[in-house]
Amino acid sequence: MKQIGRCNVLWASSIKIINQMKSLLLAIVLLMGQAFYAQETKTNPQNTTTVKDSVKEKPTTLKEVTIAIPKKFIKIDSDKTTVSIKDNAMMSTGSAYDAVKKLPGVIAAPTGGLSLNGKGVRIYIDGAPSTLSGTDLQNYLQSLPASAIEKVEMIYNPGAAYDANSSGSIINIVTSSKKMKGVNASFNINYNFNKYQKPSPQILLNGKVKNLSWQTMTGFNYIDSENRTTTKQSFTAFNPIKTLNQENFSVNTNRNFYVRIGTNYKLNEKSNLLFNYNGSYSNDRNVFDATTLGDNIDYLNQGVTKTKHNNHEMSLQYKTKLDTIGSTFDVTGFGNHFDKTPLTNSAANEAVSATNSFNNGNIDFKLDNYYLKYDFTFPFKKQQFSLSTGGKFNGIEVVDNGTYFLNTYIPKDITFNYKENNLAFYAEARKKIKKFSFTAGLRYENFSVQRITNTLADKITFKNNNLFPNLSAIYEIDKNINLSASYSKKINQPNYNNLDPNNSSSFDQYNTSQGNLFLNPTFFDNYEFKISAYQFVQLGMNYTASKNNNLFVFSADPNATTPVSNQTFQQFEHFNTFSAYLNFPIPLDYFFKGKEEFQSRMQDMDKMNYIFFNLNYIKSDIQGYVFPYTNKAIWNYAAQTQIILPWGIKNSMTYYILPQGNWQIYKVTKPIQQFDISFNKDFMDKKLKVGLHCFDVFNANEVNALIAGANLESGFREKRDSRTFRISLTYNFGNLKLQKENTDIQTEKKQGGGGLMK
């Protein structure tokens, strides 16, 4: 009841905002309705509904009403939003991380990490949940080129078929899966210009011979960048209060070679055997220059950190149809090995006392993840009902051994071992009754977690059995507009990045970084309500009540004799978030080209002029935490524009801004914003594509925030050299008009999160 009361308070404070959004949504819906109705009448003179009986194509699909509209950059369904990456010239250059940050509703948090419409997010790659976290996950996404991505699915409230360990939402990155007859190839190269000039080439080969389809993608990334962070910190445990002014300037070199191999062998008319291998091999370097100034403190720390990363993923899947009505059985085996070895060599100098010191560290990190899962699907066509069930066993082990020298030749060793075993079973039912579609699911999760370190005498264990329900209902107002409401319960196990007591690769006697071994898992109750219209427009709101939420903080030891800032994670007992969001397009052709020209361009979105807007409102409430500043809600505005210029040149522009406000416990003191622009042109019957791009045109993307932690208040500023110019060239070999065959490995249910019969 307390959660409901808090939700009502947040709702009352935001009702005015929602009413304004509703007025805007109504205007957009009327405009889009008129446009699409005119287009549908043109393509279907009898104005009859197109009904697809797609049981043969997708076993969990019953009868579905659709509109005959052409391909588009973005498609909004009741349970997820799908964004095409390969068809968007701006998003398909750069890295997967760059592309994900441009998705509608996605916000890159000031302290790192991603959120979707105000909720925490779990990253999936081709349906497989990634076990990487923190900077490891970010580096992996930055090493995966966006040109390798077919589309991205944003799943707002995943159902029982997905892992319960997913906070509140999922971003599933679906890589390219083109397998065409004969042998086809695509060559791509991006050349980046800033202070540094580095190329990133890539080649894609795919083909099909009899019952075997295959694809190989390989490439190399070479990127140099600079980063400057400054902090002004007040250590409140001292009397009088002591302050430190710190600055760190680093030059980062990221070199990454990757290879992705996928095959599909058709055993017979009903069965397929699929195999995927993804490998990534990195050799990175970070050269840093850090200074610390304070009362009687004048400190300089210079050094270099060299890190080698290796990531190997393999999956094998067997898929078969059990009968003619669409029952299916899938078995998937997945394995992942990741390792890194950061080695830091640095020399420090305390100028006031004229003493020399050094801070060196060597870390050996390994992660192994494996699982075996199965899925059954049973559709009942006549009853408009479907049932899915399955199970999964997952094992994760992390071993991290660190050796450090802090102003001494005597080494300090820190060992960390993390083991997690997870056994899960689920059942999910879907039923359609007239205009209503209902989904009800239940997932059983058994977790056994063990944390061991030489810094503690005893190991820390966590064992529990939980049931995670999900419910959703969708009401179709008409064939183009629907209302949906959903509830789900989720868990978030603290990842190794939050737990590991080992220091980061850069540290000195005034700065350290370590995880918190005593963090508990976070439990979430997610509520969501949404209106979707014309597969383009959505207005929604969600409320998340979490228990034992873990957030990044700066903290200081109150008993320390010298001021030392520690980056760690702190647990907050009750953390609640209310958010509202609105996505809608403005079809510029309808206003500037006229109704007839707009209707003709509807046949090909590549020739349309439009602006796609996204608005987010987020307000957090933390019980037991006293904000040292006003708890002000935060907004996020984003827009993407496509303009067709003369001579077939396509202009794309994106802009987003996160104004001042509170992001969780952090106060953003200066707007975070970025403006990107690109020009693209196709040649040789679309076989050759040339692009000119500029990212962060005004070099305005920087983070300025206040963070209040235990005994420490920090003013933080981070500025990367985000303004980059890029030339992209893509040349396609082979017959591009041949029919594609989808043979990617679906290691998680794509239809597990919604209420429609899909």
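**Exercise 1.** In this predicted model, find the strand that holds phenylalanine 716, and decide whether phenylalanine 716 is buried or exposed.

*Solution.*
- Start with the strand. Phenylalanine 716 sits in strand β37.
- Next, take the accessibility. The relative accessible area of phenylalanine 716 is 17%.
- Apply the cut-off. Buried means under 20%, so phenylalanine 716 is buried.

**Exercise 2.** Which residues does phenylalanine 716 touch, not counting residues up to four places away in sequence?

*Solution.*
- List the partners. Phenylalanine 716 touches Thr229, Thr230, Thr231, Phe554, Val703, Asn704 and Ala705.
- Now check one pair. Phenylalanine 716 and threonine 231 are 485 residues apart along the chain, yet 4.6 Å separates their C-alpha atoms.

**Exercise 3.** Place serine 714 in its strand, then describe its surroundings.

*Solution.*
- Serine 714 belongs to strand β37, which covers residues 712-720.
- Serine 714 has 3% relative accessibility, so it counts as buried.
- Leave aside neighbours within four places in sequence. Serine 714 then contacts Lys232, Gln233, Phe554, Ala705, Leu706 and Ile707.
- Look at glutamine 233 again. Its side chain makes a polar contact of 3.0 Å with the side chain of serine 714.

**Exercise 4.** Which residues touch the most other members of the largest nonpolar core?

*Solution.*
- The largest nonpolar core has 89 residues.
- Leu103, Ile171 and Ile173 touch the most other members.
- A second, separate core has 12 residues, among them Ala533, Phe536, Phe584 and Ile586.
- Here is the general background. Nonpolar side chains tend to be buried together in soluble globular proteins.

Terms used:
Residues numbered from 1 in each chain as written. Predicted model: local features only at pLDDT ≥ 70, side-chain atom pairs only at ≥ 80, totals over all residues. Heavy atoms only, no water. Helix = DSSP H or I, 4+ residues; strand = E, 2+ residues; numbered from the N terminus. Buried < 20%, exposed > 50% of the residue type's maximum accessible area, 1.4 Å probe, protein only. Polar contact = N/O pair within 3.5 Å; in protein donor to acceptor, adjacent residues only side chain to side chain. Contact = heavy atoms within 4.5 Å. Core = buried A, V, L, I, M, F, W, Y, C linked by side-chain atoms within 4.5 Å.
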